[in-house]
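Student: Pick one part of this model and take me through it closely. I'd like the local detail first, then how the whole chain looks around it.

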Amino acid sequence: MANYGPASAFLLVGGRNITPDTYTLDETVEQVTEQTNSLGDSWEEHLPVGIGKVTLEAAGGLYETTTDRIMTALQEQGDSRQLVAYGFEGATTGMNSVQIDGTYAATWKRIAERNGLTKAHAVHVISGEYMTAKIVHGLTSEASSSGDSTTASVNHGAATTDGATLDLHLNALTLGGALGIVITAIDSADNVTFGSLVAFTSSTGAPFAERKTVTGTVEQYVAISWDFTESTSGGPSGHAVTPYVSITRG
Amino acid sequence: MRLRVLKAGSVFQRDAAGVIRVMDTGAVIEASDAAAKTLLSRGLVEVVASEPKRKKEAD
């Protein structure tokens, strides 16, 4: 058992890290139920309809107009489809998180106060499957031209034949002369030999987010590799990438 | 199982020092049966046929 505090919570929307703009992150997962007691019953009865509902409330953060922070992530979002990732155990490799892909209606508030800074408040009713996930690569920067995270591969205990859903949130990217970067999920049966599982679309800028779904076997150990595409004038320099990748199996 | 890599950058293997190497097309690797099974099913490698044993010369 472990306890977690505010330093462990994070929120990514469409590749944007709006954790620094959020003071409270409130997740509610509920089952829609229908009242089923009839005449003659003395007590209320309810049965689940089989439909889940997720509400996410990001509250109290400072109103921030910097590009790709809370305003562009939430105010301009409306009902556009965005990938959302959040967690309460830290945005680090191997930890549990949530990944969601669905249109959502946002209630967006800007709150000016007589004795305080202007705050922002957003409530999202998320339309989409609620997926608990494992973080395959946390919010850390990688500066090598190519590399992988196999030294910190995520061990699921066993392989699955039910496929997986993987989300990429590219939070920061400096190409440094490269043409783009390709992030690939890789897996292994023995943590020694890894093979390509699925490649995300080559990216040329951040923020960027993408979901990939694979069918069939996903091996016990999962990691990522990254590769900056070199230009004809040579390898990149001063390049860096912060790729957040999570996986839900089955 | 001995395997030949068919697609550069799609197969990674840890060497004796524990360092992961990215394999180029044509590289031959030794992999466990469990690892080989998935790599073969994804078409990333092919099995390297063992060399035929020399025929004993007739006396």
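Tutor: One bit of vocabulary first: strands here are DSSP runs of E with at least two residues, helices are runs of H or I with at least four, and both are numbered from the N terminus. Keep in mind, too, that this is a predicted model.

Let's zoom in on strand β13 of chain A, which covers residues 193-199, and on the loops on either side of it. Coming from β12 (180-188), you pass through a loop that holds Asn191(A). The backbone does something worth a look there: Asn191(A) isn't a glycine, yet its phi is positive, at about 65 degrees. For context, most residues other than glycine have a negative phi. As for its surroundings, Asn191(A) counts as partly exposed because its relative accessible area is 23%, and the buried class stops under 20%.

Now step into β13 itself, where Ser196(A) sits. Ser196(A) has a relative accessibility of 18%, so it counts as buried. What does Ser196(A) touch, leaving out residues up to four places away in sequence? Within chain A, the list is Thr184(A), Ala185(A) and Ile186(A). From chain B come Ser10(B), Arg42(B) and Leu44(B). In other words, this serine has contacts in both chains.

Carry on past β13 and you're in the loop that leads to β14 (208-214), which is where Pro207(A) lies. The peptide bond between Ala206(A) and Pro207(A) is cis, with omega at about 5 degrees. Most peptide bonds are trans, by the way.

Zooming out, chain A has 16 strands and one helix. Of its 250 residues, 44% are buried. If you take contacts between residues at least 6 apart in sequence, 75% of them link residues at least 24 apart. The C-alpha atoms fit a box of roughly 80 × 55 × 35 Å along the principal axes.

For the surface, chain A exposes about 11,800 Å², with 48% of that coming from carbon and sulfur atoms. One nonpolar patch of about 230 Å² is built from Val32(A), Val49(A) and Ile51(A). Of these, Val32(A) belongs to strand β3, residues 24-35, and it counts as partly exposed because its relative accessibility is 33%. If you're thinking about electrostatics, chain A carries 27 negative and 12 positive side chains, and the centres of those two sets are 9 Å apart.

Key: Residues are numbered from 1 along each chain as its sequence is written. Chains are lettered from A and ligands numbered from 1 in the order in which they are written. This is a predicted model: local features need pLDDT of at least 70, side-chain atom pairs count only at pLDDT 80 or more; totals for chains, interfaces and linings use all residues. Side-chain values use heavy atoms; hydrogens and water are left out. Buried means under 20% relative accessible area, exposed over 50%, partly exposed in between (1.4 Å probe, protein chains only). Contact means heavy atoms within 4.5 Å. Accessible areas come from the Shrake-Rupley method with a 1.4 Å probe; for residues, only the protein chains shown count as cover. Lys and Arg count as positive and Asp and Glu as negative; His and the chain ends are not counted. The place of a charge is taken as NZ of Lys, CZ of Arg, CG of Asp or CD of Glu. Patches are made of residues with over 30% relative accessible area and no salt bridge: like charges are joined within 9 Å, nonpolar side chains (Val, Leu, Ile, Met, Phe, Trp, Tyr) within 5 Å. A salt bridge is a side-chain nitrogen of Lys or Arg within 4 Å of a carboxyl oxygen of Asp or Glu.
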